[in-house]
Amino acid sequence: MIKLQGIWFSYGNENTGDELRNINLTIPEGQVVLICGESGCGKTTLTRLINGLIPNYYEGKLQGSVLIEDTNISEKPLYDIAPLVGSVFQNPRSQFFSMDTTSELAFGCENIGLSEDLITERMERVVSDFQISYLMGRSIFALSGGEKQKIACASSAMMEPKIFVLDEPSSNLDIKSIGDLAKVIALWKEQKKTIIITEHRLSYLMALADRVIYMKNGEIAEDLRIEEFKNIPQKEIYNMGLRSIAPITFQHHNDKILEKEMLELSNFHFSYEKIPTLEINHLKIPKRSIVGIIGNNGAGKTTFARCLCGLEKKSAGELQIGRKIFSGKQRLNQCYMVMQNPSHQLFTEEVMDEVLLSMEDDTEENRELVNKVLHDLNLQGLKNRHPMSFSGGQQQRVAIASAIVSGRSMMVFDEPTSGLDFRHMKEVARNLQKLGAMGNTLFIITHDPELIAECCNYFIFMEQGKVLWSGGWSDLNMQRIINFFEATQYMELIHR
Amino acid sequence: MIEWQVLSSASKNLRVNLDPRTKLFLLITICILVIGGQINGIMLIIRPALAAISLILLFTAGKRKISNICIGVYVFFFICENFILPVMTGTLGFILLFFSGFITRLLPGMVMGYYTVETTSVSEFIAAMKKIHLTKKIVIPLAVMFRFFPTVIEEYHAIGDAMRMRGIRFGGKNIFKILEYRFIPMMICSIKIGEELSAAALTRGLGAPVHRTNICRIGFHFIDIFLIFLCIALFILSILSKIGVF
């Protein structure tokens with residue numbers, strides 16, 4: 001039983017106001033609670049209270065008490081909370097302390113001083129429960145995001161806590177891995193564990209959650225049973241700023257007639273350690289289209305994007321636009337990539353300088369153009385701030401601004417909407433559509449069916465380094481996309 | 001996913017699986033005796049013997065290609081140093097002297113260092129350091145450093161890609177600006193990852209005031225004991241030769 005009583009919380013001295021206000025919440029044992037709400041509504045903060053990171057690690061002003069089985073955990077050190085509450089975080093890259101999977105599983109138990117024999121015994125059980133024997137003894141750095149998240153779940157299960165706290169665990173996962181994650185949650189539910197999950201992607205949890213808590217501005221706005229939540233009409237869900245709870249439906253985009261002029265790609269090949277990861281002999285893409293690159297993780301989507309941008313030096317392959325042929329090195333100046341983590345590509349101290357960096361020189365005219373672009377992207381008020389102080393979405397817009405002024409006509413986006421709520425996803429989709437309307441050809445790597453429904457008008461479906469099919473919104477292709485997002489429908493997996 | 005790491009991440013099945021302590025002792029021995037030792041008397045035998053040990057170990061670790069290259073290079077310069085140099089004069093002789101001296105002294109240490117990091121996993125390393133009763137204050141920062149290296153290198157490459165894509169290259173613009181562009185995003189990203197990493201580690205009980213256990217089993221085998229005694233013997237021999245017994 002978890003009891004939060006009269007919680008008020010704010011982080012440090014920032015003038016951001018209260019992060020949590022007047023939270024009173026009781027979660028009985030064995031309940032699966034989904035906490036949802038827009039970015040910044042305080043849901044992550046709430047999970048940090050339960051796993052003890054607040055006030056032990058993230059400091060701030062805390063009022064009220066957090067009780068687990070009638071002990072106030074806010075007064076306990078983290079290592080005493082660790083065996084009670086297991087945590088899984090959003091970013092699979094930054095939650096591993098060890099470098100190989102076996103030591104990672106043992107890490108928590110070693111810390112609390114369990115005997116070697118007991119650890120080995122538990123490990124055998126967890127490995128068979130999670131069916132991860134094929135992952136044991138491997139380097140963490142060589143795992144995919146989905147595999148990493150499985151290891152993260154397994155290693156928190158090693159401590160055998162009664163409560164699990166998951167903070168947006170699916171943000172960086174593909175459809176198939178989300179299915180695996182759902183299976184893990186189902187297993188814990190079967191074991192009568194208490195589970196608290198914050199999420200933007202809701203549909204995979206509809207068959208698992210018992211209760212939904214909707215947060216707004218740091219307060220609990222709704223506290224519903226899952227049946228009640230499922231009955232909320234889709235329109236209302238969108239108004240609440242939440243992602244769809246039902247499978248996405250796609251509509252024909254017949255209004256968008258694709259260009260006759262084509263980009264022709266030939267001989268895009270790439271191998272990593274002699275294993276071919278990309279094999280595209282010939283591919284035609286209409287100019288000025290918004291291309292969704294879809295497929296499961298490991299299908300070669302990122303490799304394709306990197307080769308397209310000329311970032312892989314060893315890759316051959318030519319791109320033909322009209323009569324011009326671009327080799328890999330020449331493509332470096334033709335394509336602009338907006339990375340998944342935009343803070344990798346922002347270098348200067350001010351937004352203005354950052355965008356000007358993409359232009360030849362710093363003239364009055366250029367400055368005017370930059371101002372206009374910043375205005376279009378709702379960045380005009382921020383132009384003298386340091387880009388590193390921005391949120392992820394703002395950084396992404398700065399990167400888009402510098403892409404626009406760079407004058408390159410091909411832009412590649414690597415999962416631009418992972419971990420975004422409905423409103424922010426819409427905003428990204430609008431920006432992408434604007435870019436498309438300006439005559440650019442966009443390539444979007446994405447696992448987000450809602451983004452695809454919003455803005456893509458051409459598709460490349462990849463599997464094992466090859467393009468399985470490509471094309472626009474024909475009936476056949478639409479059915480293929482529906483199948484792809486449904487084939488891995490989580491609910492069926494669970495009810496099987 | 002490309003791997004960038006300093007210590008090996010997973011223990012591999014090797015024919016010769018040495019205890020990390022043995023590897024460290026060998027490394028120290030080679031560094032002291034081969035780099036710092038003299039090149040006369042008994043040292044003429046000790047130095048190639050130590051070089052041979054490091055090269056054989058690398059060979060048995062399954063690094064065939066690189067160990068063959070190293071063996072070739074070492075043998076070539078060893079022959080130069082001992083048989084060709086005495087009969088050569090002039091500038092060419094000087095250059096050869098420089099290179100052969102450099103390589104015969106440094107290569108064995110580098111090979112041994114490479115072997116050590118390639119074949120030791122972080123958990124083995126921590127277990128070994130605990131066995132020699134090194135304080136936690138040194139072991140934990142070292143372990144964190146090993147954990148952090150691959151992350152920092154990953155960030156470094158991602159930023160490098162972004163710079164190439166945006167056309168920011170060396171030359172032309174101010175070199176300090178280039179360094180700033182490269183390192184400031186890297187530091188900010190690394191700090192963020194470090195913060196998340198510590199939070200994750202703390203929720204898994206790191207720092208509990210109990211005796212920490214370790215499932216990694218290390219221990220001395222016959223080959224370890226043999227190599228350690230060999231090293232001790234070589235040390236004694238070199239000291240004896242220094243004080244002029246031979």
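Reader: Which residue is the bridge partner of A:V338 in β17(A)?

Author: In this predicted model, A:V338 is bridged to A:F413 of β17(A).

Reader: What makes β16(A) and β17(A) a strand pair?

Author: β16(A) and β17(A), residues 410–414, are joined by 4 bridges in the parallel sense. Two strands pair if DSSP finds at least two bridges between them, so the 4 bridges of β16(A) and β17(A) qualify. The strands themselves are DSSP runs (E, at least two residues), as are the helices (H or I, at least four), numbered from the N terminus.

A word on conventions: local features need pLDDT of at least 70, side-chain atom pairs count only at pLDDT 80 or more, and totals for chains, interfaces and linings use all residues. Residues are numbered from 1 along each chain as its sequence is written, while chains are lettered from A and ligands numbered from 1 in the order in which they are written.

Reader: Which sheet of chain A holds β16 and β17, and why are β16 and β20 called edge strands?

Author: The sheet is open, with 6 strands in the order β16-β17-β18-β13-β19-β20 and mixed pairing. β16 (335–338) and β20 (466–471) each have a single partner strand, so one side of each lacks a neighbour in the sheet. On average, neighbouring strands here are turned by 20° against each other, direction ignored. The angles, from 0 to 180 degrees, are taken between N-to-C directions of axes fitted to C-alpha atoms, for helices over the stretch in contact.

Reader: Which helices lie across this sheet?

Author: α10(A), residues 301–308, lies across β13, β16, β17, β18 and β19 of chain A. α15(A), residues 422–437, crosses β13, β17 and β18. α10(A) runs at about 150° to β18(A), and about 150° is also the angle given for α15(A) against β18(A).

Reader: How is the sheet with β3 and β9 of chain A built?

Author: Its 6 strands follow the order β6-β7-β8-β3-β9-β10, again open and mixed. β6 (85–88) and β10 are the edges here, since each has a single partner strand. The average turn between neighbours is 15°, direction ignored. Inside the sheet, β3(A), residues 32–36, is parallel to β9(A), residues 211–216, over 4 bridges, with A:C36 bridged to A:Y214. β3(A) is also parallel to β8(A), residues 194–198, over 4 bridges, where A:V33 has A:I196 as its partner.

Reader: What makes the pairing of this sheet mixed rather than purely parallel?

Author: β9(A) and β10(A), residues 219–225, run antiparallel and share 6 bridges, alongside the parallel pairing of β3(A) with β9(A). A:V212 stands opposite A:L224. The hairpin of β9(A) and β10(A) has 2 residues between the strands, and A:N217 takes a positive phi near 45° there.

Reader: Over in chain B, why are α1(B) and α4(B) called roughly antiparallel?

Author: α1(B), residues 20–36, packs on α4(B), residues 90–119, at about 170°, with the axes 9 Å apart. Angles under 35 degrees count as roughly parallel, over 145 as roughly antiparallel, 65 to 115 as roughly perpendicular and the rest as oblique, so about 170° makes the pair roughly antiparallel. Contact (C-beta atoms, placed from the backbone, within 7 Å) involves residues including B:L26, B:I30 and B:V34 of α1(B) and B:L106, B:M112 and B:T116 of α4(B).

Reader: How do you know that α5(B) is largely enclosed?

Author: A residue is buried if 20 or more other C-beta atoms, placed from the backbone, lie within 10 Å of its own, exposed if 12 or fewer, and partly exposed in between. By that rule 8 of the 10 residues of α5(B), residues 122–131, are buried, so α5(B) is largely enclosed by the rest of the structure. Among them are B:F125, B:I126 and B:M129. The buried residues pack against α4 (101–111) of chain A together with α1 and α6 (136–166) of chain B. Just after α5(B), B:H133 takes a positive phi of about 60°.

Reader: What share of chain B counts as buried?

Author: Of its 246 residues, 33% are buried. Chain B has 8 helices and 0 strands.

Terms used
Contact = placed C-beta atoms within 7 Å.
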